[in-house]
Amino acid sequence: MTYPIVSKALKNSGIQPNLNDYDTVFKNFRWQQAADGISLPAEADSINIAAIALDRHQQSAKKDQVALRFLSKDPTALPEDITYLGLWQRANQFANVMTSLGLQKGDRVFCLCGRTPDLYMAIMGTLKAGCVFSPLFSAFGPEPIRARMEIGNATAIVTTTRLYKKKLADWITELPSLRYVLLLDSPEDPELTTDQVLSLQPLLADSSAKFNTVKTQPEDMALLHFTSGTTGKPKGAIHVHQAVLAHYMTAAFALDLHPQDIYWCTADPGWVTGTSYGIIAPLCHGVTLVIDEADFDAERWYRILQDQAVTVWYTAPTAIRMLMKYGRELADQHDLSSLRFLASVGEPLNPEAVIWGMETLGLPFHDNWWQTETGGIMIANYASMDIKPGSMGRPVPGIEAAIAERTENGGMRLINDPDETGELVLKAGWPSMFRGYLHEDERYRKAFIDGWYFTGDLARKDDGGYFWFIGRADDVIKSSGHLIGPFEVESVLMEHPGVAEAGVIGIPDEVGGEVVKAFVGLKPGYTASDALAKDILGLARKRLGSAVAPKSLAFSDNLPKTRSGKIMRRLLKARELGLPEGDTSTLEGSGQ
Ligand code: AMP
């Protein structure tokens, strides 16, 4: 099914977009513009993310603006506001604690806590002290936490007493590199605190609220983000201080952040989106960030959008689909008129979701694409550009993206014909590009061919320059000579009124090589039956043609998903074929 283009004219919010004329800006863009945007003088002898995100604002009236508006999960608590000055002072105290404990430039500080202001203090203080920050998702169990801290050579971890007791206490002293566990919320407690396990509050209280940010260099490591591969242990992607140029600029272009915005990024800071766009980029822009400590709840989310008068909202397809399930009525009960820009990332955004945004919220969702390794948004839909629903959009100015294939001799070939499927590649060299996989030089080298970074995603580019996601390179199905993108098939299955979620894999077939099999979760009110399976398959065949449509379908009310909501097709396939499941540390519900 083709969806109507969402014209840029329909999206006019009355505010001049940061990126007004895509083609002109793309053609003329130089990264120096990002440096100018953050007032980084050409002769600067250092660059530190926290200096851009916080120190810079202390010289202007910005320091009295609210930086964080914290919404506690305690329903009786009032919202808590922290100004840019207040956050800067807390970060300075934290940096002073780091230094007084003897932590030095390059030491790795992990953080395991929920979405609270302490997390913002910890990341900014860590960076100010010149140390490397590595976020952990608080719903991880002990195993994935340990694996990441081992690979990352953790020097310290900042956490809460509850998480320490539940997930760390049993094994943490066995980590050879670890020197300190810093408990955010615990008073001095002889039962708990030792020379290694310290209560942070008294240390902070004794520390000065002034600190000279360590002069880090553009290529100094700042952030360590873990991502899961198809096989083996998690990979630690190294990011450097210079990445802030991309954080800042891409948020200006793809999220259209303006200084007066009230901005809500719903991603957990345990993942790269929650750090790059949940913390760093918005602070660099000097906006007010809404932080919600609670988990997804449709009613609560609409209330937050309304009561906090959110203007820019960055969320994910799973959340949008969950809101869609609640229907329009709930949205209509709220005044959402403050919203002016909606964006989505992390997994394919179904075209219906773009249209639903238009119909229900009065605004379309702007899909954008990136991954842990890219450090920032690479392909996006912009405020000033038409949206082709289902497309990820066009490359961010400063980014060269293309479709390519690997050749047999280890080289590559760019595919210039429109709409041909190949691997999405990016010309190496943008500021937030990962600079290595920790301890895995060979793996890093293999990710690049002839100066292009191979993303592992399959995509196509249409004749208008828009990129369309097909699937992970290892998810794509080859059936009777046809390359079949699971996303394409799943999107159609999702159009059936009974389907809540769908995952599609290829299973071996003697005749066709592979045939497509669908796994489907049903919406409440629908019951699995042969008749319903036939109905869904019939719709797919009608929409996709018999070469592409699934040949069989199984119902499942528990499709394996990552904690960030992506359906793990690899795991579906392994289970279906009785193969080893590989790394399941990011599987939703595992290790808790
Ligand atoms: P992660 O490194 O965990 O952020 O995952 C990155 C992967 O998520 C990408 O390589 C894609 O496979 C997928 N992804 C991210 N954004 C999108 C998007 N807008 N559309 C489709 N897939 C996406």
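Buried, in these legends, means a relative accessible area under 20%. The model shown is a predicted one.

**View 1. Helix α9, a helix that is mostly covered.** Take the helix running through residues 244-254 and go along it one residue at a time. How many of the 11 residues of α9 are buried? The count is 11 of 11. The list of buried residues reads V244, L245, A246, H247, Y248, M249, T250, A251, A252, F253 and A254. Just past the end of α9 you'll meet D256, whose phi is positive, at about 55°.

**View 2. T159, tucked into strand β5.** This strand covers residues 156-159, and T159 belongs to it. Is T159 buried or exposed? With a relative accessible area of 0%, T159 falls under the 20% cut-off, so it counts as buried. Its side chain still finds a polar partner: the backbone oxygen of L112, 2.8 Å away. Leaving aside residues up to four places away in sequence, T159 touches L112, Y164, L168, V181, L182, L183 and L184.

**View 3. Strand β5 beside strand β6, running parallel.** Here 4 bridges join the two strands. Across from T159, in β6, stands L183. Now bring helix α7 (residues 161-168) into the picture: β5, α7 and β6 together make a β-α-β unit, and it's a right-handed one.

**View 4. The two sides of strand β6.** In a regular strand, side chains alternate between the two faces of the sheet. You can follow that pattern through residues 180-183: Y180 and L182 point one way, while V181 and L183 point the other way. Which of these four are buried? All of them are. Strand β6 also pairs with β7 (residues 197-199), again in the parallel sense, over 3 bridges. One pair to look for is V181 with its bridge partner in β7, V197.

**View 5. Where domain 1 meets domain 2.** Zoom to the place where the two parts of the chain come together. The domain assignment gives domain 1 as 22-461 and domain 2 as 475-577. Their contact takes 20 residues from domain 1 and 12 residues from domain 2. Between the C-alpha centres of the two domains there are 32 Å. How much area is buried between domain 1 and domain 2? It comes to about 1300 Å², with carbon and sulfur atoms giving 65% of that. On the domain 1 side, K325, P348 and E352 lose the most area to domain 2, and together they make up 26% of what that side buries.

Notes
Residues are numbered from 1 along each chain as its sequence is written. This is a predicted model: local features need pLDDT of at least 70, side-chain atom pairs count only at pLDDT 80 or more; totals for chains, interfaces and linings use all residues. Side-chain values use heavy atoms; hydrogens and water are left out. Buried means under 20% relative accessible area, exposed over 50%, partly exposed in between (1.4 Å probe, protein chains only). A polar contact is a pair of N or O atoms within 3.5 Å; within protein, one must be able to donate a hydrogen and the other to accept it, and residues adjacent in sequence count only if both atoms are side-chain atoms. Contact means heavy atoms within 4.5 Å. Two strands pair if DSSP finds at least two bridges between them. A crossover is right-handed if, with the strands pointing away from the viewer, the path from the first strand over the helix to the second runs clockwise. Domain bounds come from an automatic or database domain assignment. Buried area is the accessible area (1.4 Å probe) that two parts lose on being put together, summed over both.
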